[in-house]
Amino acid sequence: MKVLIATEKPFAAVAVDGMRKVIEEAGAELVLLEKYTDRKDLLAAVADVDALIIRSDKVDGEVLAAAPKLKVVVRAGAGYDNVDLEAATERGVCVQNTPGQNSNAVAELVFGLAVMMCRNMYNGTSGSELKDKTLGIQAFGQVGRNVARIARGFEMNVSALDPYCPDNVMEDAGVSPVHSVKELYRNNKVVSIHIPATPETRKSIGYELIMSMPKGGLLINTARKEVIDEEGLIKALDERADIKYAADVAPDRAAEIKERFGDRVFFTPKKMGAQTSEANINAGIAAARQVISFLTTGEERFRVNK
Ligand code: 3PG
């Protein structure tokens, strides 16, 4: 059995060591493809593997067609919008994710970005504090719940929107449930986005929602760039000099936006939310265990292509 770890953005070495241990102790062989820049390298590497572990690496029909022995793909992380689920299902390939394993890392980054933006990028001018400010969490999944937990320490007033989460789960976490996206943006000075990229959410956050934010509004996106309508974002930033936007997932027009809006916007150079050794170890080892369980017992609890 051959297991390929293909990560354009590599895991910490300590995570790879742990994954190697899980894979080799099960009698399987680990093949490592890190920091590849040419898709051809991925297409060649999948040719004879039984299992594939990835991060945000794109696994589409072409990759699946180049991997005739492939049985399982595990996305070490939460979002699986980078995998063509339909093509995988057609080829009988099980696709899984590792929900929750990197969520604390992403949530901590939300506050790293929030403090930096509230302190005007540490440029020496007087900024503002998070204490007593309103925070709206868009989607109360694993990351959203960690954001709420950390926000309690900052003494923020937290509310959340999530049609898939019962109100009492939010209330038990000290969070006020909100039932419309308009209400979420209108009533919160800081909004943190945690929705996945799906056909329904693509470009769903744009001009009107951003314009409806209170004075001094800060929008933080550690989810996916695709959920933002970039035209609308630019128009809102242009018309509202008090609005700020920080993203771990740089927009397509990042350079232009940075040039026009300076210190009111910030983008990490690479998606960094899950890039901690702890998150790499958690998600990477969970992925390795899930691969081995699937190959040896058919376990598919975390399957996402039903
Ligand atoms: C996720 O969906 O788990 C995060 O966006 C992390 O993605 P990454 O593994 O590419 O850093």
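This talk walks through the two domains of one predicted model, their sheets and the helices packed on them.

Before the details, a word on conventions: residues are numbered from 1 along each chain as its sequence is written, and side-chain values use heavy atoms, with hydrogens and water left out. Since we are looking at a predicted model, local features need pLDDT of at least 70 and side-chain atom pairs count only at pLDDT 80 or more, while totals for chains, interfaces and linings use all residues.

Let me start with the overall division. The protein is divided into domain 1, covering 2-99 + 275-297, and domain 2, covering 103-267, where the bounds come from an automatic or database domain assignment. The C-alpha centres of domain 1 and domain 2 lie 31 Å apart.

I turn to the sheet that contains β1. Five strands form this open sheet, in the order β2-β1-β3-β4-β5, with parallel pairing; helices (H or I, at least four residues) and strands (E, at least two) are DSSP runs numbered from the N terminus, and two strands pair if DSSP finds at least two bridges between them. The edges are taken by β2 (29-34) and β5 (94-97), each of which has a single partner strand, so one side of each is left without a neighbour in the sheet. On average, and with direction ignored, neighbouring strands of this sheet are turned by 15° against each other; axes here are lines fitted to C-alpha atoms, for helices over the stretch in contact, and angles run from 0 to 180 degrees between N-to-C directions. As one example of the pairing, β4 (residues 72-75) and β5 are joined in the parallel sense over four bridges, and valine 74 stands opposite glutamine 96 in β5.

Now the helices on this sheet. Helix α1 (residues 13-25) packs on the sheet and touches β1 (2-7), β2 and β3 (51-54), where contact means heavy atoms within 4.5 Å, and the direction of α1 makes about 150° with that of β2. Helix α12 (residues 277-297) lies across β1, β3, β4 and β5, running at about 160° to β4.

How do α1 and α12 pack against each other, in angle and in distance between axes? The angle is about 15° and the axes are 8 Å apart, and α1 and α12 are therefore roughly parallel to each other, given that angles under 35 degrees count as roughly parallel, over 145 as roughly antiparallel, 65 to 115 as roughly perpendicular and the rest as oblique. On the α1 side the contact includes Val14, Met19 and Ile23, and on the α12 side it includes Ile281, Ala288 and Ile292. The residues of this contact divide into nine nonpolar, four polar and one charged, where Ala, Val, Leu, Ile, Met, Phe, Trp, Tyr, Cys and Pro count as nonpolar, Asp, Glu, Lys and Arg as charged, and the others, Gly among them, as polar.

Let me move to the second sheet. Seven strands form an open sheet in the order β8-β7-β6-β9-β10-β11-β12, and the pairing is again parallel. With β8 (176-178) and β12 (265-267) at the edges, each having a single partner strand, one side of each is left without a neighbour in the sheet. The twist averages 20° from one strand to the next. Strand β6 (residues 134-138) pairs with strand β9 (residues 190-193) in the parallel sense over four bridges, and glycine 136 stands opposite valine 191 in β9. Packed on this sheet is α6, which touches β6 and β7 (157-161) and whose direction makes about 165° with that of β6.

Two helix pairs remain. Helix α5 (residues 103-118) and helix α6 (residues 142-153) pack at an angle of about 50°, with axes 8 Å apart, and are therefore oblique to each other. Among the residues that meet are Val106, Val110 and Phe111 in α5, and Val143, Val147 and Ile150 in α6; by class, the contact has eight nonpolar, four polar and two charged residues.

Finally, helix α10 (residues 230-239) and helix α11 (residues 254-261) pack at about 5°, with their axes 11 Å apart, and are therefore roughly parallel to each other. This contact is made by Glu230, Leu233, Ile234, Leu237 and Asp238 of α10 together with Glu256, Ile257, Arg260 and Phe261 of α11, which divide into five nonpolar, no polar and four charged.
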